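Let's work through some exercises together. Have a look at the model below, then try each task before reading its solution.

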Number of protein chains: 2
Amino acid sequence: MVRSPVMADDSRLLSIAGVERETGLGKDVLRVWEKRYGFPAPERDVHGDRVYPMDQVDKLRLLRRLIDDGLRPGKIVGLPISELLSLHERATRNASPAHGCTEPELQEFIELLSSHRIDEFRLALLARLMRLGLERFVLDIAAPLCTLVGDAWARGTIQLFEEHMFTEELTRVLRGTLQSLARPSGDSARPRVLLTTVSGEPHAIGLLMAETLMSLNSCDCLSLGPQTPEGDIAQAAIARQADIVILSFSAWFNAQQVGAVLTRLRSLLPAQCEIWAGGRNPGLQRDQPSGVTIMTELREISAAITAWRRRHDR
Amino acid sequence: MVRSPVMADDSRLLSIAGVERETGLGKDVLRVWEKRYGFPAPERDVHGDRVYPMDQVDKLRLLRRLIDDGLRPGKIVGLPISELLSLHERATRNASPAHGCTEPELQEFIELLSSHRIDEFRLALLARLMRLGLERFVLDIAAPLCTLVGDAWARGTIQLFEEHMFTEELTRVLRGTLQSLARPSGDSARPRVLLTTVSGEPHAIGLLMAETLMSLNSCDCLSLGPQTPEGDIAQAAIARQADIVILSFSAWFNAQQVGAVLTRLRSLLPAQCEIWAGGRNPGLQRDQPSGVTIMTELREISAAITAWRRRHDR
DNA sequence: CTCATTTTTTGTCCTAGACAAAACAACCGT
DNA sequence: ACGGTTGTTTTGTCTAGGACAAAAAATGAG
């Protein structure tokens, strides 16, 4: 009953379900784009089922990125890949004009990564960590690297498995360091913070960076890991009497759903429990419901904690 | 264009997309079951869209578990929840008859978890780790606890966010310990192992346990984290010249797709690169393609490594 | 009891159409 | 020139009903 492998399972062809997994675009969207814009234009296999060549999948990935950045499908689906690339180039430049200065320094990491010198890569990370200290490491190295690697992947410069290697190694370094931090003693430490991502957002690295900074500022952190359903986030926050719930939204998450998710969560959580949402998701830059603090930059966290403490000081 | 929150967004009702996220059952399946078996029987909102009450969602979750265990939809969708529960009871008992003896000991952990005494929980884990040593900790505590927690969740005994807490804490303990293990020196260490899960399998904890055991046996491990697409697994294995690719399949993963995935991977990977697949997924117990080693129990790993070394010794 | 063959079950894909919310454009009054 | 109200277009998600191959179960023959 599984429809997939007809026989000639050319590894450069994907079924519609495969494309959904790879691009995050639903089957319905793929079909309706095909009808409306004439793209994608999959071939058909023996049964008449859609079969997508890899280059179209690549284009779809790119399209999704651009749409999340705020461009509209109708305007860009017809464009050739070369133009899409230059559009994306421009968009990323606009979004983070500041990090141009550190880029040559970070480029070295990318090269280690794409030549698969993993051990050297890890050592380079650790060296930076030692030299800069944990806070500056997170702010100046880890966070920019994440966006850089994400962009490089969207542009096709690096492979997805190389991004996975990157995430894994960075996770190791951060988790290792985090563990050696003294945990604040039980009741006294405030704010009490709950960290997680919502269902549909599998990336936990942003969470880990946030947790690192929070722990450095001696907050009482509890992470639920990625993909907690909304109802369970609320239950956990209440059980833990959390002061703040921190959510991370990566560029992968559907930007149009961010608003709806935050609104629902705001209504599920107790009023005195704050929501801080951060990450590289373009949806965060649009209007968001009141009662939710949007933090586009990790830098803002330290100040925000100080502000919270001042507010709750008597 | 987002259809979801019509207005009266009763938090005990879910749209069809929400049910898909929560249960892992696709929209098509939900609709076709409704037509064929009369269940689920969602209400309709103002637009005529399906709206699922929570109790039906719970039943659907349970149904999925039972179907993965090998039961057939047509036989069980009509049954009331109580009967489904007793069926599941019996199935889990049959599957792991051995771990009954350790259960009272593990029960203590479950209680700490469901009363949210996280710090005590972590300390209890660490205490066991110290007492038993890493290998026995993984085999006798961590692995059985994972299945126990998974079952408790399916049965409704614990909340999902409590399972998340569990996973997170166990991950911390294991990663922390793993890091302090001496890494085998570059070229000499064999086998070279690549660990990951395929797209659609988000659970990485089994991977971590496997990696722990492999590292204890001084293999050269590289983890890609969860959800690497098949093509990228192959690329990474080739780039790394991996001797073994280890894949983990949890009960969450669709049991019927395991075979197809393994077949495709087998054809993508070089012949001299072995595939070891493990985890609690019922699909692994069915017939699997040749050229793939199925390991139902973590215990088998050490012996398998020894066997591999003997085979490649000259 | 084993193996090959038919029948039933079941998941996924197909087409074609509907519609509300989001995004955009046009307008107006200050 | 700018903020708010209106109307129009775009776009994602849902609906319906039908088709079909692969898996599983049932059947039959040796």
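**Exercise 1.** Find which atoms of A:Arg50 and A:Arg31 approach the phosphates of DNA strand C.

*Solution.* This is a predicted model, with local features needing pLDDT of at least 70 and side-chain atom pairs pLDDT 80 or more, while totals for chains, interfaces and linings use all residues. Residues are numbered from 1 along each chain as written, chains are lettered from A and ligands numbered from 1 in written order, and side-chain values use heavy atoms, without hydrogens and water.

Step 1: start with A:Arg50, where a polar backbone atom is 2.7 Å from a phosphate oxygen of DNA strand C.
Step 2: turn to A:Arg31, which places a polar side-chain atom 2.6 Å from a phosphate oxygen of the strand.
Step 3: add A:Lys27, whose polar side-chain atom lies 3.2 Å from a phosphate oxygen of DNA strand C.

**Exercise 2.** Describe the protein surface near DNA strand C by residue class.

*Solution.* Step 1: count the residues near the strand (a heavy atom within 4 Å of it); 28 residues surround DNA strand C.
Step 2: sort them, and you get 13 charged, ten nonpolar and five polar residues. Here Asp, Glu, Lys and Arg count as charged, Ala, Val, Leu, Ile, Met, Phe, Trp, Tyr, Cys and Pro as nonpolar, and the others, Gly among them, as polar.

**Exercise 3.** Work out how many salt bridges link chain B and chain A.

*Solution.* Step 1: apply the rule (a side-chain nitrogen of Lys or Arg within 4 Å of a carboxyl oxygen of Asp or Glu).
Step 2: it finds four across the interface. One of them joins B:Arg175 to A:Glu168, with the closest N and O atoms 2.6 Å apart.

Terms used:
Polar contact = N/O pair within 3.5 Å; in protein donor to acceptor, adjacent residues only side chain to side chain.
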